[in-house]
Structure formats: C-alpha cells, structure tokens
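Please look through the report below with the sequence and the three-dimensional view open beside it. Each section takes up one part of the fold and follows it residue by residue.

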Amino acid sequence: MTPRALLPLTLLLAAQASALTIQGTVEGAASSDLRVAAVVVNPFGQAVQEVSSVPVDGGRFRLELPTTAPTARAQVTLTPQNVNWPGVIDPIQVSSQAQVAELKFFTYRDLNNNGRRDENEALRDVQPETDRGTLFVAWVNTDVTVKANRGYEAAFKRGWNAFLVDVGRAVKVQPFADATVVTVRLAR
C-alpha cells in the first residue's frame, strides 16, 4: 500500500479510537419505551442539545457519543465561574481558554416510539455511577486542565472526555474506560 493510500485508513482508525461508548444497566421499573439520553446542558443544568439516545433493552443500554462537536449554541466559554461539576469546590483554576459542553444523562419514555425525544416526553435526570464514582462527561475544543479544592484535577483532551469522580475527604478524578459498566437508578 502506498503512503497516500494509508492516510485515509489512518484517519479513519484515529476517528474510531476517539469515539466514546457508555454501557450500563438500569435499576428500577423500566417501561418498554424507556430510552437513555446524553444531553448537553448549560451551566445551570438546563437541556440544550440531545447528542445521543438509545432504548433500554433487557435492563441494559449501550450509548455511543458522536465524534462531532456539539452545536455552537451548546458550547460555553470555560471559566472558573461556570464550573458547576461533581466534586468541584472553590478555588477553581482553568489552565487555558476553551469552549466546553457539559453532558448530563436523562431517561425518557418514547411515547410514540419514533426513536427520538419529542417536546411532550419529559426528561428525568439520572446519574450513571460505578462503585468508583459518578460518571462525568464533557466536550472541549482544546486541551485544558481544571483544578479545584480537595485534590480535584481533570486533564481534558480535545473532544469528548469521561471521568469517574469520587467525592470523599479528597476528590479522586479517574479516566473512564469504555469497558466500564455504569448503573442508572430510576427513582421509585
């Protein structure tokens, strides 16, 4: 194969390597029309853009985030004043200027079974967790590090980033691996 022919293949493999997959289980009474959705939220936690959603099948889901950036209206400038993330306590330091899009997870009932959320389908906030912490996901347009009190430190790479955040006396931030299975608990 010529070097020219290898370039598209290399780019394709690099794009596939940067994809983020979240797989999990759902605990609680899940209706047959239940979906898990990844939604970009503003700094106040309000839903701005659904990025991906999947049906819950047999109490399980596998959610893949696209490699594309969220829309411009879903992004905000990353500043210490708008970091309201799990485990982050003042003082907050941001290493460089960046655009960020915070992702939260929701469930909803797909009442008309069309595979996407409609206005009349209410979102229910859920927190994917493991025994090592709560899942936190954000997109950034450039590499940036966020540091905060009690040992919080998260080094973001351009694109989607996922961390497990364990809040105790100290805050532990660990990279999330695609093979990790999270649990979503439905309120009773």
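## A hairpin of two strands

In this predicted model, Val40 stands opposite Gln49, a residue of strand E3. The two strands concerned, E2 and E3, pair in the antiparallel sense, and seven bridges hold the record of that pairing. Together E2 and E3 form a hairpin with five residues between them, and in the turn Gly45 has a positive phi of about 85 degrees.

## Strand E1 and its two partners

Strand E1 pairs with E4 in the antiparallel sense over six bridges, and one place to find this pairing is Leu20, whose bridge partner in E4 is Leu65. E1 is also joined to E15, but here the two strands run parallel, with five bridges between them; Gln23, for instance, stands opposite Val181 in E15. In general, the strands of a sheet pair through backbone hydrogen bonds, and the pairing may be either parallel or antiparallel.

How much of E1 is covered? The strand is mostly covered, since six of its eight residues are buried. In the partner strand E15 lies Thr183, which has a relative accessibility of 14% and therefore counts as buried, the cut-off being under 20%. Leaving aside neighbours within four places in sequence, Thr183 is in contact with Thr25, Glu27, Gln127, Pro128 and Glu129.

## The nonpolar cores

The largest nonpolar core has 29 residues, and those with the most contacts inside it are Ile22 and Val137. Several strands give two or more residues to this core, among them E1 (20–27), E4 (60–65), E10 (133–140) and E15 (181–185), while E2 gives the most, with four residues. If residues up to four places away in sequence are not counted, Ile22 touches Phe61, Arg62, Leu63, Leu65, Phe105, Leu135, Val137, Phe176 and Val182.

Apart from this core lies another, of 20 residues, which includes Val88, Val144, Val146 and Val171. As a general background, nonpolar side chains tend to be buried together in soluble globular proteins.

## Aromatic pairs

The structure holds three aromatic pairs. In one of them, the rings of Trp85 and Phe136 have their centres 4.8 Å apart and their planes at 40 degrees, so the pair is described as tilted. This pair links distant parts of the chain, because Trp85 lies in the loop between E5 and strand E6 (93–94) and Phe136 lies in strand E10, with 51 residues separating them. Trp85 is buried, and Phe136 is buried too.

In another pair, the rings of Phe156 and Phe163 have centres 5.1 Å apart and planes at 80 degrees, so this pair is edge-to-face. Both Phe156 and Phe163 are buried, and the four residues Trp85, Phe136, Phe156 and Phe163 form one aromatic cluster.

## A sheet of three strands

An open sheet of three strands follows the order E6-E11-E12, and its pairing is antiparallel. Why is one side of E6 and of E12 left without a neighbour in the sheet? The reason is that E6 and strand E12 (153–156) stand at the edges, where each has a single partner strand. Between E6 and strand E11 (residues 144–147), which run antiparallel, there are two bridges, and in this pairing Val94 has Val146 of E11 as its bridge partner.

## A loop residue

Ala69 has its place in the loop between E4 and strand E5 (76–77). With a relative accessibility of 41%, Ala69 counts as partly exposed, because this value falls between the limits of 20% and 50%. Leaving aside neighbours within four places in sequence, Ala69 is in contact with Gln75 and Trp139. Ala69 and Val140 are 71 residues apart in sequence, and their C-alpha atoms are 8.5 Å apart in space.

## The protein as a whole

The protein contains one helix and 15 strands, and buried residues make up 42% of its 188 residues. Among the contacts between residues at least 6 apart in sequence, 60% join residues that are at least 24 apart. The accessible surface comes to about 10,700 Å², and 49% of it belongs to carbon and sulfur atoms.

Terms used: Residues are numbered from 1 along each chain as its sequence is written. This is a predicted model: local features need pLDDT of at least 70, side-chain atom pairs count only at pLDDT 80 or more; totals for chains, interfaces and linings use all residues. Side-chain values use heavy atoms; hydrogens and water are left out. A nonpolar core is a set of buried Ala, Val, Leu, Ile, Met, Phe, Trp, Tyr and Cys residues joined through side-chain atoms within 4.5 Å. Buried means under 20% relative accessible area, exposed over 50%, partly exposed in between (1.4 Å probe, protein chains only). Contact means heavy atoms within 4.5 Å. Two strands pair if DSSP finds at least two bridges between them. Accessible areas come from the Shrake-Rupley method with a 1.4 Å probe; for residues, only the protein chains shown count as cover. Rings of Phe, Tyr and Trp (its six-membered ring) pair if their centres lie within 6.5 Å; planes under 30 degrees apart count as stacked, over 60 as edge-to-face and the rest as tilted.
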